[in-house]
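Please look through the sequence and the model below, and then follow the explanation from the strands outward to a helix and a ligand.

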Amino acid sequence: MDIQELAEKVLAGERRALARAITLIESRRPDHRAEAAELLDVVKRSDRQALRIGLSGTPGVGKSTFIESFGMMLTAKGLRVAVLAVDPSSARSGGSILGDKTRMERLSRDPRAFIRPSPSQSELGGVARRTREAVALCEAAGYDVVLIETVGVGQSETVVAEMSDLFVLLLAPAGGDELQGVKRGIMEIADIILVNKADGELKPAAMRTCADYAGALRLLRKRPQDPDNFPKARTVSALQEGGLEDAWADMITLSDWRRETSHWDARRASQARHWFEEEVRLGALARLSQDKELSALMDQLGTEVAKGLTSPRAAAERVIAKLNAV
Ligand SMILES: Nc1nc2c(ncn2[C@@H]2O[C@H](COP(=O)(O)OP(=O)(O)OP(=O)(O)O)[C@@H](O)[C@H]2O)c(=O)[nH]1
Ligand SMILES: [Mg+2]
């Protein structure tokens, strides 16, 4: 495969080339890894920036329905929209977006949209790396908005927030008056909370839930990266396409403000640093498992630590010393 040629096609916005490029970065073959690194380096020449929107929500909250409606609204404005996912469980489910292509039927047929399921790996670190690289490719291919979806069941929200400019939390109307057990940490990374299903019988509950969350957001510490009135909560109906324009207007207000106040660049810079360090960590761990001598030492020390013969720290230092010597 000619990497230069592939890169040119990606930069020209060819969807098939983009899909092939993502397949390349998802490959774990060492020769493909080298080609992928080269490809990413070449496309980095483009200084295009998409608006990267992270989107999380528990199963059934309406993420797919929202992405379809919201995505269609954006493409109708002439914007090009890419949809990616971080789904560490996709090895089990076969990839949520893939099964979803039927649900996102209109969007997947839209020439201005590009939908790509989560890479099928079970380990979050690997999925995160592939998705982050896919975001970079979509950006180079000239997509205006990149939506990165994740099911809110654990660490993946933080991972998605680390590769997004804006983080949107989708919630369902609560039955009672409880705050649906959304972890404080997740509340703290949300820029916009959307209470979905604000239609029909669910509308009053959605409005109550929204008011509850608006109140809870006001109690959080003011963050430097927010203008007045952010983070904010509002109701939407993905199904009836209600409130989507307002939600988009909020996203624009927030991202424009962050661009003007340099919070945007600062966030991207710290994300780049974070991912660099993560790559080093992943690389070092890979070395540990690939090097026969090192993994034998790991096994042996692991047993000693388990038996209480040596401390975890002392044992780790012996491995690190060995790693330095390799
Ligand atoms: N009333 C109403 N129902 C909705 C709305 N959005 C989604 N739903 C319904 O909620 C159900 C789940 O929607 P999905 O879009 O598949 O939810 P999801 O978050 O993608 O779910 P997972 O992929 O399983 O995590 C479907 O039956 C939708 O029709 C809405 O705005 N209003
Ligand atoms: Mg879904």
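The paragraphs that follow take up a strand and its partners, then a helix, and then the surroundings of a ligand.

This is a predicted model, and a convenient place to begin is strand β4 (residues 145-151), which is mostly covered, with seven of its seven residues buried. In a regular strand the side chains alternate between the two faces of the sheet. In β4, Val145, Leu147, Glu149 and Val151 point one way, while Val146, Ile148 and Thr150 point the other way, and all of these are buried.

Two strands pair with β4. Strand β1 (residues 51-57) runs parallel to β4, and the two are joined over seven bridges; within this pairing, Gly54 has Ile148 of β4 as its bridge partner. Strand β2 (residues 81-86) also pairs with β4 in the parallel sense, here over six bridges, and Ala82 finds its bridge partner in Val146 of β4.

Turning to helix α2 (residues 15-26), its 12 residues should span 16 Å at 1.5 Å a residue, and because its end C-alpha atoms lie 17 Å apart, the model agrees with that expectation. The buried residues of α2 are Leu18, Ala21, Ile22, Leu24, Ile25 and Glu26, and they pack against α1 (3-11), α3 (30-43), β3 (113-115) and α8 (124-140).

Last comes ligand 1, which has 19 residues around it, of which Gly62, Lys63, Ser64, Thr65 and Leu239 come nearest. Helix α4 (residues 63-76) supplies the largest share of this shell, namely three residues. By character, the shell around ligand 1 divides into six nonpolar, nine polar and four charged residues.

Terms used: Residues numbered from 1 in each chain as written. Chains lettered and ligands numbered in written order. Predicted model: local features only at pLDDT ≥ 70, side-chain atom pairs only at ≥ 80, totals over all residues. Near = placed C-beta within 6 Å. Helix = DSSP H or I, 4+ residues; strand = E, 2+ residues; numbered from the N terminus. Nonpolar A, V, L, I, M, F, W, Y, C, P; charged D, E, K, R; others polar. Expected span 1.5 Å × (residues − 1). Buried ≥ 20, exposed ≤ 12 C-beta atoms within 10 Å, placed from the backbone. Contact = placed C-beta atoms within 7 Å. Pairing = 2+ DSSP bridges.
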